[in-house]
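Work through the exercises below with the sequence and the structure open. Try each task before reading its solution.

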Amino acid sequence: QVQLVESGGGLVQAGGSLRLSCAASGRFASISTMAWYRQASGKQRELVASITAGGNTNIADSVKGRFTVSRDNTKGTMYLQINSLKPEDKDIYYCNAFIRKIGLSTSSIYWGQGTQVTVAS
């Protein structure tokens, strides 16, 4: 079974930092593009950052300069470093990735169950 599991969320004071992780587990051949999404209560889910297998990144304008996405292909893990947290960053953060299973020629989309980020002031 292939899964994506987010971790690192929690309650942080405004201005603080947080590092989220998204780890792929199970048996798989490769992971292509991975991305972070977030969704606040009552709002639609939005893309905040993505990173290709080669390390090329895209950061949403709304968080650019504060959020950094990276990955460790050896570990099958993606990270989201969040600095200077703002109250509006309070969301559930979801991990997304295209993963190709062993023996298959195509990738399938996977979603993690999310990790809650709460910002207090």
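Which residue stands opposite Val69 in strand 8? Leu80 does. Keep in mind throughout that this is a predicted model.

**Exercise 1. Place strand 8 among its partners.**

Step 1. Start with strand 7, residues 67-72. Strand 7 pairs with strand 8 in the antiparallel sense, over 6 bridges.

Step 2. Look at the link between the two. The hairpin of strand 7 and strand 8 has 4 residues between the strands. In this hairpin, Gly76 takes a positive phi near 65°.

Step 3. Turn to strand 3, residues 18-25. Strand 3 and strand 8 also pair in the antiparallel sense, over 6 bridges. Here Ser21 stands opposite Tyr79 of strand 8.

Step 4. Check the cover. Strand 8 spans residues 77-82, and 5 of its 6 residues are buried. The strand is mostly covered.

**Exercise 2. Find the aromatic pairs and classify them.**

Step 1. Count them. The whole structure holds 2 aromatic pairs.

Step 2. Take Tyr37 and Trp111. Their ring centres are 4.9 Å apart and their planes meet at 55°, so the pair is tilted. An angle over 60 degrees would count as edge-to-face.

Step 3. Locate these two rings. Tyr37 lies in strand 4 (residues 30-39) and Trp111 in strand 10 (residues 108-111), so the pair ties together parts 74 residues apart in sequence.

Step 4. Take Phe67 and Tyr93. Their centres are 6.5 Å apart and their planes are at 45°, so this pair is tilted. Phe67 belongs to strand 7 and Tyr93 to strand 9, 26 residues apart, and the pair links these distant parts of the chain.

Step 5. Check burial. Phe67 and Tyr93 are both buried.

**Exercise 3. Describe the surroundings of Trp111.**

Step 1. Is Trp111 buried or partly exposed? Its relative accessibility is 38%, so Trp111 counts as partly exposed.

Step 2. Look for a nonpolar patch. Trp111, Phe98 and Ile109 make one on the surface, of about 280 Å². Patch members need over 30% relative accessible area.

Step 3. Test Phe98 against that cut-off. Phe98 is found in strand 9, residues 91-100. It has a relative accessible area of 37% and is partly exposed.

Step 4. Look for a charge over the ring. Arg45 lies over the face of Trp111, at 4.9 Å from the ring centre. Arg45 also lies over the face of Tyr94, at 3.7 Å from that ring centre.

Key: Residues numbered from 1 in each chain as written. Predicted model: local features only at pLDDT ≥ 70, side-chain atom pairs only at ≥ 80, totals over all residues. Heavy atoms only, no water. Buried < 20%, exposed > 50% of the residue type's maximum accessible area, 1.4 Å probe, protein only. Pairing = 2+ DSSP bridges. Patch = residues over 30% accessible without salt bridge, like charges linked within 9 Å, V, L, I, M, F, W, Y side chains within 5 Å. Areas by Shrake-Rupley, 256 points an atom, 1.4 Å probe, with all protein chains shown as cover. Salt bridge = Lys/Arg side-chain N within 4 Å of Asp/Glu carboxyl O. Phe/Tyr/Trp six-rings, centres within 6.5 Å; stacked < 30°, edge-to-face > 60°. Lys NZ or Arg CZ within 6 Å of the ring centre and 35° of its normal.
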